[in-house]
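Good morning, colleagues. I should like to take you through one model, beginning with its contacts and ending with its overall dimensions.

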Amino acid sequence: MIRQGRLEDIPRIFEIGQWYLDQIQDGYKIDWKNGPKDLRYLMSSKQGRVLVAEVDGKVVGTLIGQVVKQAFVDVRYATDLAFVVEPGHPVQAVMLARHFIHWARKQPNVKEVTLQISTGLANVD
């Protein structure tokens, strides 16, 4: 099931984020001080979207995105800020992307939707 993230999901979303950071071993650390505040903002903002994939009552992935105004023109685009799904849940990854794209296309003046999937991992067990 794909649904809007809730405040009580924030710790689990950050656990998934920590798992991702542990896999890529790039030295980044979870921002436990400001990160939850940023997620709460995106959850409450019309410009933000925090989606979670839930399987058997457990959050197994997230797609966090927002609508951003382009410089110089009154045109907006939607993009992901993080897109992480635990191994073994490829269907949920596709469903998260589809839900985000559907939401983004309904936003005013959004002309483009980009998914960088910069937090994607290949061949992780």
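**Contacts, sheet and helices**

Among contacts in the protein (heavy atoms within 4.5 Å) between residues at least 6 apart in sequence, 60% join residues at least 24 apart. A word on sources: this is a predicted model, in which local features need pLDDT of at least 70 and side-chain atom pairs count only at pLDDT 80 or more, while totals for chains, interfaces and linings use all residues. Residues are numbered from 1 along each chain as its sequence is written, and side-chain values use heavy atoms, with hydrogens and water left out.

The protein has three helices and five strands; these are DSSP runs numbered from the N terminus, helices being H or I of at least four residues and strands E of at least two. Along the sequence the pattern reads β-α-α-β-β-β-α-β.

How are the strands ordered in the sheet? The sheet is open, its five strands come in the order 1-2-3-4-5, and the pairing is mixed; two strands pair if DSSP finds at least two bridges between them. Strand 1 (2-4) and strand 5 (110-114) are the edge strands, each pairing on one side only. From one strand to the next, the twist averages 25°, with axes fitted as lines to C-alpha atoms, for helices over the stretch in contact, and angles running from 0 to 180 degrees between N-to-C directions.

Let us turn to the hairpins. Strand 2 and strand 3 run antiparallel and are joined by eight bridges; Arg49 has Gly65 as its bridge partner in strand 3. Two residues lie between these strands, and in this hairpin Asp56 takes a positive phi near 50°. Gly65 in turn has Asp80 as its bridge partner in strand 4. Strand 3 (residues 58-69) and strand 4 (residues 76-85) are also antiparallel, with nine bridges, one pair being Thr62 and Val84. Their hairpin has six residues between the strands, and Phe72 in the turn has a positive phi of about 80°.

Next, the helices. Helix 1 (residues 10-24) lies across strand 2 (48-55), strand 3 and strand 4, at about 90° to strand 3. Helix 3 (residues 90-105) packs on the sheet and touches strand 1, strand 2, strand 3, strand 4 and strand 5, its direction making about 150° with that of strand 2.

Finally, the dimensions. The C-alpha atoms fill a box of roughly 45 × 30 × 30 Å, taken along the principal axes. Of the 125 residues, 42% count as buried, that is, under 20% relative accessible area with a 1.4 Å probe, protein chains only.

Key: Buried < 20%, exposed > 50% of the residue type's maximum accessible area, 1.4 Å probe, protein only.
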